[in-house]
Amino acid sequence: MSHLDQPADLLVVNKLHKTFTTKNGVMTAIDNLSFDVKAGETVALVGESGCGKSTVATCLLGLQSSDSGEIVVEGRNLLADSKAQGKSLGRDLGIVFQNPYASLNPKMKIKAIIAEPLKTAFRLRGVELQQRIIELLAHVGLGEEHMDRYPHEFSGGQRQRIAIARALAMESKLLILDEPTAALDVSVQAQVLQLLKQLQSENGLSYLFISHDLATVEFLAQRVLVMYLGRIVEAGTVAQVFKSPRHPYTRTLLDSVPSIDPARRDELKTLGGEIPSPLNRPVGCHFAPRCPRASDRCHKDVPQEITEQGHRFSCHHPINAAEE
Ligand SMILES: Nc1ncnc2c1ncn2[C@@H]1O[C@H](COP(=O)(O)OP(=O)(O)OP(=O)(O)O)[C@@H](O)[C@H]1O
Ligand SMILES: [Mg+2]
C-alpha cells in the first residue's frame, strides 16, 4: 500500500454486461455489474452455481469478450485498449483456476510451466530464467528438486501451489482466484489459503476471490459481493454482509452454510426453491420467486440499489438490523 491514507482503486468494473447466444435464445450471464477492488485488498464474489462468477473472471481476463462496460485497471480502460490495439487484456490481471489438474499441461515439466510466462512476458533466458523459477517455487513452498517433475507427480495441494507460482510469474497486481481450493482436501485447503494470505501481505497483491465457502471468504476477504443471476444484490465489508445482511438472499445463503461443518459447505450450490434459469429470468427482482419477503412490487419492479455507509443492497424490503 502507498503512503496515501485511502488505498487506490486497482480495478474498477463499470456496468459490465455479458450475454450468451444459445440455441434456446439469448441469455444474460452478467447484468450491468459494477464493483471495485483496492490495492492490497481481497474482494470475494459469492453466489450459487450458475450465477455468473466464472463468467466475470473470464471477461476480466479477456478470455471471452463482454458485450459492454468498462474494466479499468489503474485508470486504464482495458477493454478500450484491447479493442484499439487488437490484443488481449495483458498481464494486469492473473488467474488461479479451480481445478489444478485441468489447468496445468500434463505433458510439461514444472519448470517449463513456470518458464512460459517468464519467457513471453519478461524475455528471461538461461541462468536468469532458472533462478526466477527457483525463486517462484520457493515463494509457494516448493523446493527446486520439483522442477523436473510433471504435474501428475504432485498432490492436489502441490499442484495448486504450482498454479499459484505460475500466476505470480506474471507479476500481475490482481489475481483472480476462481474457487482455488474447491478441489482440495479440507486440511490442504487451509494450507493453500494461508499461503495466499502470506503472498498477499508480502507482495501487496489484490485478490478477487470466487468461492462457495463462506468460512473461507471470512478468512481471506475484506469485502464481499453477493451475486444472484448475474446481478450483485448485496455488497459491503465482510462484517456488514455476514453480520448484518440486508438482502433476504444473503440471509438465505448464510443460513444454508454452517461454516463449522466442512462436509456441508457445498450446500450453497443447492439452496431450496427453484433456481430461475438465466434464459428466462423473472421480471422485477430475480430473487422474488424464492423470497419469503416478496410483495407484488418485487415481481414487477427491479429494486434500486441503496447504499448505507458503503453497504450496497438492492431490495424493496431489506432486512433491518432490529430483525436480526
Ligand atoms: N460459453 C458459454 N455459453 C453459453 N452459456 C454459458 C457459457 N459459459 C457460461 N454460461 C452460462 O452462464 C451462466 C453463468 O455461468 P458461470 O460459469 O459464470 O457460473 P458460476 O457462478 O461460475 O457457477 P459455478 O459456481 O458452478 O462455477 C450459466 O447459466 C452458464 O450455463
Ligand atoms: Mg464457476
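**How two helices, a sheet and a ligand shell fit together**

Helices H5 and H6 turn out to be oblique to each other, because angles from 35 to 65 or from 115 to 145 degrees fall outside the parallel, antiparallel and perpendicular classes. In this predicted model, the axes of H5 (residues 126-139) and H6 (residues 156-169) come within 9 Å and cross at roughly 125°. The crossing is right-handed. Where the two helices touch, Leu 136, Leu 137 and His 139 of H5 meet Ala 165, Leu 168 and Ala 169 of H6. Sorted by class, the residues of this contact are 5 nonpolar and 1 polar, with no charged ones.

Elsewhere there is an open sheet of 4 strands, lined up as E2-E1-E4-E5 with antiparallel pairing. E2 and E5 (76-77) sit at the edges, each pairing on one side only. E5 is joined to E4 (residues 68-73) by 2 bridges, and the two run antiparallel. In one of these strands, E5, Asn 77 is the bridge partner of Val 72. Helix H1 lies across E1, E2 and E4, and runs at about 70° to E2.

H1 and the sheet also turn up around ligand 1. Strand E1 (9-22), strand E2 (25-38) and helix H1 (53-60) are the elements that give two or more residues to the ligand's shell, and H1 provides the largest share, 3 residues. The residues surrounding ligand 1 include Phe 20, Thr 22, Met 27 and Ala 29, along with Lys 53, Ser 54, Thr 55 and Pro 278. Broken down by class, the shell holds 5 nonpolar, 6 polar and 1 charged residues.

How values were computed. Residues are numbered from 1 along each chain as its sequence is written. Chains are lettered from A and ligands numbered from 1 in the order in which they are written. This is a predicted model: local features need pLDDT of at least 70, side-chain atom pairs count only at pLDDT 80 or more; totals for chains, interfaces and linings use all residues. Axes are lines fitted to C-alpha atoms, for helices over the stretch in contact, and angles run from 0 to 180 degrees between N-to-C directions. A crossing is left-handed if the near helix is turned anticlockwise from the far one by less than a right angle, and right-handed if clockwise. Two residues are in contact if their C-beta atoms, placed from the backbone, lie within 7 Å. Ala, Val, Leu, Ile, Met, Phe, Trp, Tyr, Cys and Pro count as nonpolar, Asp, Glu, Lys and Arg as charged, and the others, Gly among them, as polar. A residue is near a molecule or strand if its C-beta atom, placed from the backbone, lies within 6 Å of it. Two strands pair if DSSP finds at least two bridges between them.
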